[in-house]
Amino acid sequence: MLNRRKFLARTAGFAVLGLSLGKAAAGSLPGIDNSSMRGSINAADLGVRPGALDDQSKAFARLLRDANDRDMPVFLPPGTYVVSNLSLPSRVRLSGVPGASRIVYGGNGHLLMAEQAGHIEFTGLVFDGTNRWMGDYAQGLLDLRRVAHLVIDNCQISGSGKSGLALEHASGRIERSEISGAADAGIYSVEAAGLEISGNTVSDCANGGILVHRWQAAEDGTIVSGNRVERIQARSGGTGQNGNGINAFRAGNVVISGNIVLDCAFSAVRANSASNLHITGNTCSRSGETALYSEFSFEGAIVSNNIVDGAANGISIVNFNEGGRMGVCSGNIVRNLSTSGPYPADAPGFGVGISVEADTTVSGNVVENAPLYGMHIGWGPFMRNVVATANIIRKAGTGIAVTVVEGAGTAVISDNVIDGAQNGAIVGHRWAEPVTADLASSGNAGYAHLTVERNHVS
């Protein structure tokens, strides 16, 4: 009879034999990642080895060309790979062990560049620029141009001497990745076509967080959602070109939603000449200048359901003089503003909760602690078709400042609650100068372009 001990010994022998046969079978497939059996080329099997003392750029380039020719993915085992000046082929699918497979820039030009690629996919990789100099022709540590389909997932990009990730004419997605310590912007995209930037952390960059730009104003369609952007500086100076957490420039149909944006030298979200814009559901803390900005020649901006806590100005939907018009500003909380900003302020100054100018409704917002104005409607003659209703303004210098300069268009200011405005609840201004008594009690005071009614003041 077969006792229990003999039975276990025999079955263990069969298991060892089966494992040996399995390894032999796997070994019969040269160049294949035997550890994962995912059908990936193992970089080590083709001469690219972690921790090698010499530069592996030539071997790495051969590996990528071979993978492109075979249309196969590449697996990069854990370790450090020092490379420089790699030009990517049309199809690259490169993956590694998150946090452990490190591609380190060796200097003297660029790290990775692509031009006219069909499919580029990076997963679970670390790209480290080591803060080294990059050639003038390179825009970023990863410089990817005219990429039909791009995927960057669960990667780390750090220490770039330029932007961390620079894209031109790219479509696809960047997700679940960390970009930090770039000497310019964390992510810079120009002329995108259906790009999604979601679930990333962008931090400690010198001039910008996530930039969505175009050379000429046109539809872009990029979605920027669910990212954390923090500690963005403006080392190159200026009055708003740099220092923004998320920036859309000339890019139409862009959605910026559900992001947490902290400690930016200028704006948490800044859009310049960007039409059909959504800025919704973002949390913005400690912005150095205007927290949420839609400016210059745009048509169509929805700024809704955001929280602004700490800024020089809260929300601005302005520049009717440049054609900026048509907006909805609703359901926002704006609080704890300051009269100090990153440069000497032009009139009327910093400390304004919400500013609007043309073809815009402002409703259902709460503004608290705005030392200059809770709300600023129009600037000189630049005002048309503004409705401000059902807002709450607490603890402001002036509750609502509205322009009464000749040539200004219509404004309706009704059903607002204004509590604790030190210099009047609703006051008419000629540019920065207050020129009327409190209109909350006197009505429009003879200014036919204004309707002021049913506001509650305490």
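# Reasoning from values to terms

Trainee: Where is Asp220 found in this predicted model?

Mentor: Asp220 is found in the loop between β16 (208–219) and β17 (223–225).

Trainee: Why is Asp220 called buried?

Mentor: The relative accessible area of Asp220 is 4%, and buried means under 20%, so Asp220 is called buried.

Trainee: Which residues is Asp220 in contact with, leaving aside its neighbours within four places in sequence?

Mentor: Asp220 is in contact with Glu191, Ala192, Ala193 and Gly194, with Val212, His213 and Arg214, and with Ala251, Gly252 and Val254; contact here means heavy atoms within 4.5 Å.

Trainee: How many residues of the protein chain are buried, as a percentage?

Mentor: Of the 458 residues in the protein chain, 53% are buried.

Trainee: What radius of gyration does the protein chain have, set against a compact globule of 458 residues?

Mentor: The protein chain has 28 Å, whereas a compact globule of 458 residues would have a radius of gyration near 23 Å. Taken along the principal axes, the C-alpha atoms fill a box of roughly 105 × 65 × 30 Å. The secondary structure comes to 3 helices and 41 strands, and among contacts between residues at least 6 apart in sequence, 61% join residues at least 24 apart.

Trainee: What is the mean pLDDT of the protein chain?

Mentor: The mean pLDDT is 92, and 92% of the residues reach 70 or more. Over residues 4–37, however, the pLDDT is below 50, and beyond near neighbours in sequence this stretch has 22 contacts in the model.

Trainee: What makes the pair of Arg325 and Asp359 a salt bridge?

Mentor: The closest N and O atoms of Arg325 and Asp359 are 2.8 Å apart, and a salt bridge needs a side-chain nitrogen of Lys or Arg within 4 Å of a carboxyl oxygen of Asp or Glu, so the pair qualifies. Arg325 lies in strand β29 (residues 325–330) and Asp359 in strand β32 (residues 358–363), so the pair ties together parts that are 34 residues apart in sequence. Asp359, with a relative accessible area of 15%, is buried.

Trainee: What makes Arg394 and Asp419 a salt bridge, and which strands do they lie in?

Mentor: Their closest N and O atoms are 3.4 Å apart, which is within the 4 Å limit. The pair links distant parts of the chain, 25 residues apart, with Arg394 in strand β35 (residues 392–403) and Asp419 in strand β37 (residues 417–419).

Trainee: Why is Arg394 called partly exposed?

Mentor: Partly exposed covers what falls between the 20% and 50% limits, and Arg394 has a relative accessible area of 28%, so the term applies. Asp419 is likewise partly exposed, with a relative accessible area of 28%.

Trainee: Which residues are joined into one network by salt bridges that share partners?

Mentor: Glu299, Arg325, Asp359 and Arg384 are joined into one network, and a search of the whole structure finds 24 salt bridges.

Trainee: Which residues make the nonpolar surface patch of about 330 Å²?

Mentor: The patch is made by Ile307, Ile333, Val366, Ile392 and Val417.

Trainee: How do you know that Val366 can belong to a patch?

Mentor: Patch residues need over 30% relative accessible area and no salt bridge, and Val366, a nonpolar residue of the patch, has a relative accessible area of 33%, so it passes the area cut-off and counts as partly exposed. Val366 lies in strand β33 (residues 366–377).

Conventions: Residues are numbered from 1 along each chain as its sequence is written. This is a predicted model: local features need pLDDT of at least 70, side-chain atom pairs count only at pLDDT 80 or more; totals for chains, interfaces and linings use all residues. Side-chain values use heavy atoms; hydrogens and water are left out. Patches are made of residues with over 30% relative accessible area and no salt bridge: like charges are joined within 9 Å, nonpolar side chains (Val, Leu, Ile, Met, Phe, Trp, Tyr) within 5 Å. Accessible areas come from the Shrake-Rupley method with a 1.4 Å probe; for residues, only the protein chains shown count as cover. Helices (H or I, at least four residues) and strands (E, at least two) are DSSP runs, numbered from the N terminus. Buried means under 20% relative accessible area, exposed over 50%, partly exposed in between (1.4 Å probe, protein chains only). pLDDT is the predictor's confidence in each residue, from 0 to 100. The radius of gyration is taken over C-alpha atoms; the globule rule is 2.2 Å times the number of residues to the power 0.38.
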